[in-house]
Every structure is written in C-alpha cells, then in structure tokens.
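Trainee: I am new to this structure. Please show me how to read it, one feature at a time.

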Amino acid sequence: MFVRLVRQSLARSPRRKLITVAAVALASAIATAVFAVLLDIGDRVSRELRSFGANLLVRPKAAALAVEIAGVDYRPVSDAEFIPETDVPKIKNTFWQHNITAFAPFLGAPVEVGGQRTTLEGTWFRRRYGAGPPTGVRELNPTWRVEGGWIEDLQPDSSARELLAGAALARRVGIRVGDRLKVLGQEFLVRGVLSTGGDEENQLLTRLETAQQLAGRSGQVARVQVGALIKPDDDFARKDPARMTPAEYDRWYCTPYLGSIAFQIQEQIPAAAARPIRRVAQNEGRILRQIRLLMMLVSAAAMVTAALMIWSAMATTVLERRSEIAVMKAVGAQNGIIGALFAVEAGLQGAAGGALGAVAGVLVARSVSLQVFQSALQLSPVLPAVVILAAVAAALAGSAAPMRSALRLEVAPVLKEAA
Amino acid sequence: MILRLAARALWERRQRAGLALAALTVAAALATSLVGLYADIERKLRGQFRGYGANLVVAPAGDRRTLPVDWVVAAESYGPAAPWLYWVETVEGEPVVLAGVDFRRVEPLAGYWQVSGRRRPVAGECLAGERVAERFRLRVGSRIGSWQVAGIVSTGGAEDSQILLPIEQVARRAGLAGAASLIAARVDGSQAERARWELAARLPQAEVRLLRAVVESEAAVVLKIRGTLLLLTLLTLVITGLCVMNNFGAIVHQRRKEIGILKAIGGADRRIAALLGVEVGALAVAGSLAGFGLGWWITRWLGWEIFRQPAPPPLESLPLVLAVTLLVALAGTAAPLLRLRSIEPAVTLRGE
C-alpha cells in the first residue's frame with residue numbers, strides 16, 4: 001500500500017521532480033568534484049615542491065669542515081671522511097622508502113681548468129641500482145637544464161671520460177659542448193653545459209666512478225643528497241624523540257616527518273649523519289600546510305553551498321505541495337504516514353540526484369586533474385558513497401522543517417487557496 | 001502602484017521568497033569570496049615563497065674575482081639583496097671559510113636560518129655555523145680566533161661550515177675593501193626573467209643568474225594552485241547559478257493561477273511582467289548585497305586564517321557580483337515570463 005503510494009506520487013508531475021533531482025545532482029557534483037580534486041592536492045603539491053632539490057644531506061659523521069666557496073673546494077681531498085658506496089642504496093631500505101623520491105651520491109676532487117680552480121664532482125646522473133627505478137641528480141633536480149646532452153650512466157663504466165661543465169665556469173674559461181678538456185692528466189669529452197643558477201655552475205660533473213678513480217677513492221662517496229616527500233613538521237614533530245613515551249615514539253617513527261626519515265637513514269648507515277637542508281625542508285613544510293588549509297577551507301565553502309542548494313530545492317518542493325498534503329489530511333491520512341511518504345520521496349530524490357552528481361563530479365574532477373596537473377586522479381572509492389549519503393541527508397533535512405509546518409496547517413484555508 | 005503590489009506579493013509569499021533570497025545570498029557570498037580569493041591568490045602564494053630566500057645571484061664574470069659591494073644597490077631596486085664576501089683563513093690551526101655578511105640586508109633572505117643566540121653580531125662577535133661549532137666545541141659566548149660567538153646558525157647549507165662576520169671586517173682582513181664575492185637577491189617571482197635581463201644590462205661586467213630550482217618550482221606551484229582554484233571557482237559558480245535560476249523560475253511558475261486572474265481582470269502582459277520583474281529584481285538586489293557582505297567577510301577571514309595577511313577589501317568586485325547575480329536571477333525568471341503570453345486564464349483557473 002505504502003509502496004504504491006510512493007510510486008504513484010513519484011509518477012505524478014515528473015517535470016517538477018526532475019528539476020528537484022537535477023538541483024540535487026548539480027549540488028552533489030560540486031561536492032564530489034571539489035573533494036576529489038582537493039583530497040590529494042597535498043600530495044601533488046608535495047611532488048611539485050620536490051623539484052626544489054634535496055631536502056636531506058647525508059654526510060659521514062666525523063667529516064672535517066668543508067672549505068668550499070661557491071662550489072669550489074679549497075681543501076686537499078686527503079683529509080676528508082667517506083661513506084662506502086655500497087651503503088648508499090640502504091637509504092631506500094628504510095620504512096619510508098616510498099617517500100624517498102630520489103637521491104644522489106657525490107665525491108669531489110679539486111682540479112684546475114684553464115687556470116681556474118674548480119671541483120670535479122662525481123655523481124649519479126640517472127643510475128640503475130638494485131631493484132628500484134633509476135635515480136640520481138636528474139631525478140633530484142628536474143629544473144636543471146643541460147645544453148648538449150646528459151651523461152648516460154645507467155650502468156657503471158669506469159673507462160668513460162666525459163663530463164658536464166657548469167655554465168658559469170664554461171663561460172669564464174670558454175668551454176663548449178664537444179670540446180676535449182684535460183683534467184687531472186686525462187682527456188675528457190665535454191658532453192654538455194649545465195645551468196642551474198646555483199653553485200654547480202662553477203663545477204665539473206662526471207660519473208661517480210670516474211671521480212673515484214682519479215681521486216684514488218674507489219668505492220667511496222663524500223655525501224649523499226636525498227629528496228623525500230615529507231609531512232610538514234607540527235608541534236609533535238618538534239618533540240625530542242629521546243624523551244617520548246613508547247607509544248609516542250612509535251607514532252613519530254611511523255610518520256614521514258623529515259626528522260624521522262633522517263633518523264631512519266642514520267639507523268641504516270650508522271657512520272653517517274643526516275641533516276635537513278633547511279632552506280628547502282622548512283619552506284616546503286610551511287607551504288604545504290598553507291595550501292592544504294586553503295583547499296580545505298575552499299572545499300568547506302563549496303560543501304556548505306551544496307548542502308544549502310539541496311536544502312532549498314527540497315523546501316521549495318514541499319512548499320509547492322502544501323495543497324496535496326491538505327487533501328491527504330482531509331481524507332483522513334495520519335501525519336505519520338504523510339511524513340513518511342514525503343521523507344521516502346525526498347530520500348529517493350536525494351539518492352538519485354546524489355548518484356548522478358557523484359558520477360558527473362568524478363568526470364569533472366578527472367578533467368581538472370588532467371588539465372592542471374597533467375596526471376590521472378587518485379580517487380578514493382569511498383567518496384561517491386559519502387556524497388550520496390550526504391545528499392540524502394541534506395534532502396531529508398531540507399524537507400523536514402517545511403514539512404512540519406505544512407502538517408500543522410489548517411486544512412480548509414489551504415484547500416481554498418488551492419482551488 | 002507596482003512597487004506596492006510587488007511588496008505585498010512578496011510579503012504574502014514570504015516563506016517562498018525567503019528561500020529564494022537565502023539561495024541567492026549564499027550564491028552571491030560564494031561568488032564574492034571565491035572571486036576575491038582568486039583575484040589575490042597569486043600575490044599571496046608568491047609571498048609564501050619568499051621564505052626560500054634568494055632566487056637571483058650576481059657573480060663576478062670574466063677575469064674579475066670580486067664585485068664592487070655598491071652594486072647591491074642596483075639589485076635592491078628589484079627586492080631585498082645582500083652582498084657576501086668569502087675568505088679562507090687559518091683559524092686555530094685549521095682552514096675555515098670566513099663569510100662576510102651584511103647582517104641588516106641579509107635578514108629578509110635568511111628566514112630559514114635557525115639561530116640559537118643572537119642573529120646579529122656586533123663588533124668583535126661572529127656567528128658560527130653549526131658544523132664549525134661542533135668542530136671547535138663552541139657554544140654561544142665562547143671564543144674562536146679573535147671573536148666571541150654571538151649565535152650558532154644552522155641552515156643545512158654552506159653556512160654551516162663557515163664563520164659569519166660583518167662584511168667590512170672580512171674585507172679588511174682580506175685587503176679587499178669595498179668588494180663582494182657575490183650578491184644574492186630575492187626578486188618578485190613573476191618578474192624574475194625581466195629582473196635578470198635588466199640587471200645584466202646594467203651590470204655588464206657581472207654574471208646574473210636565476211636560481212632555477214627556486215624560480216621554476218615557485219612558478220609551477222603557483223600556477224597549478226591558481227589553475228585549480230580557477231576551474232573549481234567557475235564550476236561552483238555555474239552550478240550555483242543554475243540552482244538559483246531554477247529557484248526563481250519556480251517562483252513565477254507557481255503563480256500561474258494568480259497570473260491567470262490578473263489577465264482575466266484585464267492586466268496587460270507587459271504590466272504583469274513588470275510586476276514580476278520588480279519582485280524578482282528586489283529579491284535579487286537584496287540577496288546579492290547580503291551575499292556580498294557575507295562573502296567579503298568570508299574572504300577576509302580566509303585570507304587571515306591561511307596566509308596571516310589581511311585581504312584588501314574587494315570593493316571593485318561589487319558591481320561585478322551585483323550584475324552577475326541580477327543577471328542569473330533575471331535569466332531564471334525570463335523563461336517563465338516569456339511564457340506569460342501562452343497562459344490562458346480560463347485553462348489555468350480551471351486548474352489544468
């Protein structure tokens with residue numbers, strides 16, 4: 001009986017009902033799209049910010065003071081300390097291996113080129129190691145530009161003699177791509193000229209194994225730059241881990257704060273000390289926090305609007321049907337039944353609109369994501385369900401108040417007005 | 001006459017009119033705050049990137065070893081700039097880099113430095129880099145060479161292995177009066193390329209470089225956030241606009257009977273349309289003004305909550321918001337108004 005009532009009521013004046021469903025659908029579409037885009041904006045921005053370069057520097061614990069000015073080393077290589085190259089991939093053995101997006105080991109040797117003092121830095125450009133994807137300075141610093149070509153060092157090759165010249169050095173000494181350059185008694189081919197704007201422009205970059213050979217330090221590196229995706233430091237992150245309770249310590253250890261990642265790298269390589277590069281790390285955290293907050297507030301605004309839109313659409317529907325309610329009361333229907341009938345209708349409209357809106361919203365979010373970030377959307381399957389439930393709740397809430405007032409009305413005047 | 005009729009009609013249907021008004025207010029508030037936020041977002045976000053410090057470096061070119069320290073003034077016309085002078089000296093038996101710094105000028109570029117102790121040493125004092133402090137077991141107040149340690153600085157960069165002194169002192173020790181090794185500057189990220197070329201033209205004997213990582217990451221993040229915000233703003237506005245149109249359409253649609261009566265007693269189509277238009281217009285103006293006020297307040301609150309900067313009053317967007325809300329409301333009413341002519345009093349009044 002009740003089911004038939006609902007079915008008949010829904011079949012009547014379909015245009016009006018479609019408009020209501022459409023309003024709910026539009027509102028749910030905003031909610032879905034905004035949420036879907038904003039939920040993972042933190043991760044996306046975090047990845048963008050990684051193009052600033054390394055945010056952690058791993059050095060030997062007992063390293064002597066660097067005597068370096070603008071990338072040029074003024075100390076003989078002999079009294080430096082080193083990390084074994086075999087320890088370098090252990091950086092990826094930490095709990096946070098997936099957060100470590102790239103790393104690059106370095107070993108420098110002071111050299112002289114064209115009367116200019118400079119440093120020959122050996123590093124990984126894009127090196128395959130172990131099982132993971134290749135890594136090196138190219139992954140770590142996507143903003144570096146090279147004129148000519150990169151050194152392709154997927155596999156180690158200790159007989160190759162090629163280098164990249166920093167742009168500032170190249171201009172000063174007059175080095176061009178394809179030149180032959182004599183460094184430490186060996187003839188090198190200049191593969192490319194590197195411009196970064198930073199101190200690397202005063203250096204020569206070559207394969208790690210070449211620098212190791214020439215410096216007589218085979219299998220050793222002087223420092224490792226690490227780029228890690230981090231969670232911005234909060235008050236908890238600034239606590240001293242030595243003074244935490246075991247539960248707090250577990251939580252700290254299992255959160256990708258820069259501090260806990262550094263700590264775990266030191267666990268893996270006991271001879272090394274990992275330090276945050278504050279210029280990158282500190283600002284990264286702050287900007288991430290602010291962008292998250294911005295997006296949360298914007299989505300809250302959109303959410304409230306969507307709820308109000310649904311609410312007003314439902315309230316309008318009930319207001320329009322006051323005479324219908326009056327007729328039902330006049331023929332003896334109880335308030336409970338009428339209320340239930342309208343609630344079921346509102347719920348169904350909410351669900352239908354919510355479902356339509358969720359689908360439309362996902363489509364919109366996907367295209368926004370492709371347009372702006374050129375990458376596919378990571379969508380949580382929970383989101384559409386949440387949106388539909390919220391739409392139903394907003395629809396019920398929207399029809400509740402005008403429903404109550406409609407049920408309280410005197411039947412006769414309403415019917416007279418309707419006639 | 002029309003005004004009185006309209007006011008009366010609105011009052012009689014205050015519940016329905018109230019709903020439409022509420023929907024319009026919310027839409028206008030949303031429009032104001034999103035447009036206000038969007039208009040200012042680039043400036044605000046770029047402001048946040050100031051913390052990264054210098055993004056432009058002026059270095060000596062050719063055979064020059066140093067730059068005249070006065071060139072900092074040229075760089076300063078594009079933003080905060082500071083000269084640095086480096087000198088290696090043996091301190092307590094070990095070679096250490098002495099960095100000459102203009103502590104007053106470097107302050108806006110050094111937001112990320114962590115200093116325990118004082119940030120600005122006075123005569124006879126220095127700042128010690130963290131690694132220097134470790135090496136020589138220094139604390140704030142202890143002595144190294146002929147200086148007293150005023151503070152210990154930690155940056156994770158080159159400064160950690162240096163002793164930071166006022167630049168004139170380093171210049172005197174090095175015999176390089178009035179010289180700088182480089183000048184670091186922070187220029188407006190959106191004007192970085194222009195600043196670079198203009199500076200390079202003004203200082204032909206120097207090399208002017210942009211720190212690629214800083215400039216490019218800033219641009220990427222700012223543009224992407226702005227793009228996301230723009231698309232979401234447009235989307236939200238279009239959808240709320242549709243909802244408001246729907247709401248206003250319903251107002252007219254529901255009153256077919258009344259319109260039928262008006263026509264039956266001889267009301268001309270145009271007069272009836274004017275009556276409805278005045279009603280809708282009054283609602284729309286009230287809703288958009290209220291919404292604008294609310295939206296302004298939200299924008300200010302958002303600006304303060306997120307960026308800790310007061311937002312400028314978005315007064316220039318008032319006419320725009322007003323015009324758009326009016327347009328949306330009128331567009332919603334236009335369709336049913338156009339159908340006025342087709343309303344046959346006899347049919348409508350019979351209730352069909």
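**Rings, interface, confidence**

Mentor: Start with the rings: a search of the whole structure finds 17 aromatic pairs over all chains. Rings of Phe, Tyr and Trp (its six-membered ring) pair if their centres lie within 6.5 Å; planes under 30 degrees apart count as stacked, over 60 as edge-to-face and the rest as tilted. This is a predicted model: local features need pLDDT of at least 70, side-chain atom pairs count only at pLDDT 80 or more, and totals for chains, interfaces and linings use all residues. Side-chain values use heavy atoms, without hydrogens and water, and residues are numbered from 1 along each chain as its sequence is written.

Trainee: Why is the pair of Phe103(A) and Trp124(A) called tilted, stacked or edge-to-face?

Mentor: A pair of aromatic rings is described by the distance of the centres and the angle of the planes. The rings of Phe103(A) and Trp124(A) have centres 6.0 Å apart and planes at 50°, so the pair is tilted. Phe103(A) sits in strand E5 (residues 100-113) of chain A. Trp124(A) lies in the loop between strand E6 (116-123) and helix H4 (137-140) of chain A, 21 residues apart from Phe103(A). Helices (H or I, at least four residues) and strands (E, at least two) are DSSP runs, numbered from the N terminus.

Trainee: How many residues does the contact take from each chain?

Mentor: Contact means heavy atoms within 4.5 Å. Chain B gives 79 residues and chain A gives 79 residues.

Trainee: How many salt bridges are found across the interface of chain B and chain A?

Mentor: A salt bridge is a side-chain nitrogen of Lys or Arg within 4 Å of a carboxyl oxygen of Asp or Glu. The rule finds six across this interface. Arg275(A) forms a salt bridge with Glu134(B), with the closest N and O atoms 2.5 Å apart. Of the side of chain B that touches chain A, the largest share, 25 residues, comes from H8(B).

Trainee: Where in chain A is confidence lowest?

Mentor: pLDDT is the predictor's confidence in each residue, from 0 to 100. Helix H13 (residues 411-418) of chain A is lowest, at a mean of 70. Strand E11 (residues 204-207) of chain A is highest, at 94. Chain A averages 84, and the mean for chain B is 83.

Definitions and conventions:
Chains are lettered from A and ligands numbered from 1 in the order in which they are written.
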